[in-house]
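Dear colleague,

I am passing on the structure we spoke about, with the sequence alongside. My notes on the ligand site and on one of the sheets follow below.

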Amino acid sequence: MKHFEANFDGLVGPTHNYAGLSFGNVASQSNAAQISNPKDAAKQGLKKAKALADMGLVQGVLAPQERPDLHTLRRVGFSGSDADVLSQAAKASPVLLQACASASSMWTANAATVSPSADSADGKLHFTPANLVDKLHRSIEPATTGNILKAIFSDERYFAHHQHLPEHPHFGDEGAANHTRLCHDYGQAGVEVFVYGRSVADLSRPAPVKYPARQTLEASQAVARLHQLSDDRTVYIQQNPDVIDQGVFHNDVIAVGNQNVLFYHEQAFLETQAKLAEIDKKMRGNMHFIEVPTAKVGVQDAVKSYLFNTQIVTLKDGSMAIIAPTDCQENAAVHAYLNELVTLNTPIKAVHYFDVKQSMQNGGGPACLRLRVAMNDTELAAVNPQVMMNDALFARLNQWVDKHYRDRLSTQDLADPQLLIESRTALDELTQIMNLGSVYQFQR
Ligand SMILES: NCCC[C@H](NC(=O)CCC(=O)O)C(=O)O
């Protein structure tokens with residue numbers, strides 16, 4: 001049996017826009033009210049996904065969500081025709097309309113936490129959609145995320161789907177952006193590392209003062225229980241609250257792992273040495289800890305360039321490559337660091353750069369755009385084949401984007417009833433292309 005890690009990238013939705021909705025996410029806030037280009041955004045994402053498929057990696061695509069979300073707008077009291085609801089909301093609360101129109105489900109690293117069958121007691125691959133309660137615009141994602149995941153990973157012999165955690169700050173959960181699975185071989189039991197921003201129960205632990213800590217320890221522990229992980233192979237690390245206050249709103253902005261490599265910034269964690277020792281012990285040794293010192297790359301440069309929001313992938317020959325945003329090339333310190341990294345004695349031998357600027361301007365790099373699913377070939381054979389990236393799907397999705405997407409969108413346009421019609425028409429066609437059935441409210 002073959003074991004590997006598949007990536008499922010979020011397709012950027014037709015309403016991709018810059019609304020400045022994410023307090024604590026510097027890019028989102030500083031690009032508020034800029035004009036976006038949904039067509040370019042979707043094509044940039046598709047290009048990255050296709051390039052990874054062409055490198056021999058297993059690559060899938062996840063469908064975007066229905067936006068503007070008329071269901072939520074009606075739930076909070078707007079009524080009448082769809083056009084009425086949009087115009088009332090735009091007048092009464094532009095921020096609310098923006099929250100209901102965000103294409104934020106494109107960042108599928110926040111869609112769910114995934115544990116492979118090798119790690120769980122029942123031998124199933126587990127999914128828990130993230131509740132994303134810290135941000136209104138993201139808190140409306142988990143139910144549809146669950147529907148989409150179930151439509152793709154539907155075979156109950158292999159896949160276990162859990163409901164998202166209770167929607168309260170106690171269980172603030174941001175999914176895989178705060179979770180890294182380490183292993184020696186993808187098919188062997190690994191060590192699942194959960195990184196949290198604060199603990200609700202233990203108030204003696206430090207917490208950020210300026211920006212929110214989106215992930216709680218309690219949420220991480222709940223997901224580990226649901227996924228039937230063994231304590232012996234689970235590690236909880238607190239993120240350094242000082243870096244959260246400098247714009248590191250998810251752990252995947254400051255650390256990334258793959259197999260036996262953990263690539264992280266010197267300031268990423270609290271109690272770093274003790275936690276690395278625990279990882280090493282639970283991994284039974286042979287780890288590569290690649291620590292980036294502040295003297296080489298400061299936290300600000302890491303946040304701006306997204307050096308750690310990169311993907312580390314294992315290629316066919318067993319070597320690893322980094323998938324980085326072009327922003328890393330444009331930052332002198334980061335570019336110099338990456339040039340040096342590939343010459344060091346680590347498994348990482350190459351860096352490939354991709355332009356994902358439309359997503360970056362909202363604080364989402366290459367790693368945010370993908371959900372990792374470590375699996376084996378029997379499990380892959382049970383995945384909906386219509387979502388897997390190949391030449392035909394790439395061509396079909398590019399045509400679909402060309403047909404339905406705008407190349408310019410402002411936050412004012414979000415109230416345009418025509419945008420809603422375009423978006424629904426596009427998604428309806430997409431569910432046929434990807435054979436998803438009726439996953440959206442408007443189809444039910
Ligand atoms: N993993 C990357 C997530 C980025 C995402 N940005 C946003 O939602 C910005 C949306 C806006 O401001 O229009 C977030 O902060 O959760």
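**The ligand and its surroundings**

By class, the shell around the ligand is made up of six nonpolar, 11 polar and two charged residues; please keep in mind throughout that this is a predicted model. Of the 19 residues around the ligand, those that come nearest are Leu21, Ser22, Ser28, His137 and Cys368. Ser28 also places a polar side-chain atom 2.8 Å from an oxygen atom of the ligand, while an N or O atom in the side chain of Arg214 lies 2.9 Å from a ligand oxygen, and for the side chain of Asn25 the corresponding distance is 3.0 Å. On its own the ligand has 430 Å² of accessible area, and the protein covers 100% of it.

**An open sheet of three strands**

The second thing I looked at is an open sheet with mixed pairing, in which three strands follow one another in the order 12-13-14. Strand 12 (311–314) and strand 14 (348–354) each have a single partner strand and stand at the edges, so one side of each is left without a neighbour in the sheet. From one strand to the next, the twist averages 25°. Strand 12 pairs with strand 13 (residues 320–325) in the antiparallel sense, over four bridges, and Thr314 stands opposite Met320 of strand 13. Helix 13 (residues 332–341) packs on this sheet, where it touches strand 13 and strand 14, and its direction makes about 145° with that of strand 14.

With best wishes

Key
Residues are numbered from 1 along each chain as its sequence is written. This is a predicted model: local features need pLDDT of at least 70, side-chain atom pairs count only at pLDDT 80 or more; totals for chains, interfaces and linings use all residues. Side-chain values use heavy atoms; hydrogens and water are left out. A residue is near a molecule or strand if one of its heavy atoms lies within 4 Å of it. A polar contact is a pair of N or O atoms within 3.5 Å; within protein, one must be able to donate a hydrogen and the other to accept it, and residues adjacent in sequence count only if both atoms are side-chain atoms. Accessible areas come from the Shrake-Rupley method with a 1.4 Å probe; for residues, only the protein chains shown count as cover. Ala, Val, Leu, Ile, Met, Phe, Trp, Tyr, Cys and Pro count as nonpolar, Asp, Glu, Lys and Arg as charged, and the others, Gly among them, as polar. Two strands pair if DSSP finds at least two bridges between them. Helices (H or I, at least four residues) and strands (E, at least two) are DSSP runs, numbered from the N terminus. Axes are lines fitted to C-alpha atoms, for helices over the stretch in contact, and angles run from 0 to 180 degrees between N-to-C directions. Contact means heavy atoms within 4.5 Å.
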